[in-house]
Amino acid sequence: MAEKKAPAKKVYHVSKRAEDGKWALKFAGGEKVIKLFDTKAEAEEAAKKMGANQDATVLIHNSKGAKAGKIAKAHNTRK
C-alpha cells in the first residue's frame, strides 16, 4: 500500500530590493515578486496574513550591515 506524502510546505520571503529600496514578498524559489511595499512593516504584515491563509512559514531578511540578506525572523503560521 502506498503511503501518502505530506503536502509541500509553503515558504514566503520578505527582502529588500537593492535596485529601488522597496520590500519584496516572494514565494520560496520563485523569481517573480508577488507584491512590493514601501516599508518593511507593510511587507511583514502582508506576508503574515498571506502565510496564515496558506498555512505557510514567513521568513524576513535583514537589509543592512554585515548580516544583510540573512534571515532575521521566521514566523511559522502553520496551525
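**Entry 1: contacts along the chain**

I began with contacts between residues at least 6 apart in sequence: 29% of them join residues at least 24 apart. I note here that the model is predicted.

**Entry 2: fold and surface**

I then read off the secondary structure. The chain has one helix and five strands. In sequence order, the pattern runs β-β-β-α-β-β.

Next I looked up burial. The chain has 79 residues, and 22% of these count as buried. I put the accessible surface at about 5,800 Å². Carbon and sulfur atoms hold 52% of that surface.

**Entry 3: the nonpolar core**

Which residues make up the largest nonpolar core? I listed ten: Tyr 12, Val 14, Trp 23, Leu 25, Phe 37, Ala 43, Ala 47, Ala 56, Val 58 and Ile 60. I checked which elements supply them. Strand E1 (11-16), strand E2 (23-27), helix H1 (40-54) and strand E4 each give at least two residues to this core.

I picked Ala 43 for a closer check. I set aside its neighbours within four places in sequence. Ala 43 is then in contact with Val 14, Trp 23 and Phe 37. These three partners are also listed in the core.

**Entry 4: the aromatic pair**

I searched for paired aromatic rings and counted one pair. A ring pair is described by the distance of the centres and the angle of the planes, so I noted both. The rings of Tyr 12 and Phe 27 have centres 5.4 Å apart. Their planes stand at 70°, and edge-to-face needs over 60 degrees, so I logged the pair as edge-to-face.

What does the pair tie together? Tyr 12 sits in strand E1 and Phe 27 in strand E2, so the pair links parts 15 residues apart in sequence.

Are the two partners buried or exposed? Tyr 12 has 6% relative accessibility and counts as buried, because the cut-off is under 20%. Phe 27 comes out at 37% relative accessible area, so I entered Phe 27 as partly exposed. Tyr 12 is also one of the core residues from Entry 3.

**Entry 5: His 61**

Where is His 61 placed? I found His 61 in strand E4, which covers residues 57-61. The relative accessible area of His 61 is 11%, so I marked His 61 as buried. I then looked for a side-chain partner. The side chains of His 61 and His 13 are joined by a polar contact of 2.7 Å. Strand E4 thus appears twice in my notes: as the place of His 61, and as a supplier of core residues.

How values were computed
Residues are numbered from 1 along each chain as its sequence is written. This is a predicted model: local features need pLDDT of at least 70, side-chain atom pairs count only at pLDDT 80 or more; totals for chains, interfaces and linings use all residues. Side-chain values use heavy atoms; hydrogens and water are left out. Helices (H or I, at least four residues) and strands (E, at least two) are DSSP runs, numbered from the N terminus. Buried means under 20% relative accessible area, exposed over 50%, partly exposed in between (1.4 Å probe, protein chains only). A polar contact is a pair of N or O atoms within 3.5 Å; within protein, one must be able to donate a hydrogen and the other to accept it, and residues adjacent in sequence count only if both atoms are side-chain atoms. Contact means heavy atoms within 4.5 Å. Accessible areas come from the Shrake-Rupley method with a 1.4 Å probe; for residues, only the protein chains shown count as cover. A nonpolar core is a set of buried Ala, Val, Leu, Ile, Met, Phe, Trp, Tyr and Cys residues joined through side-chain atoms within 4.5 Å. Rings of Phe, Tyr and Trp (its six-membered ring) pair if their centres lie within 6.5 Å; planes under 30 degrees apart count as stacked, over 60 as edge-to-face and the rest as tilted.
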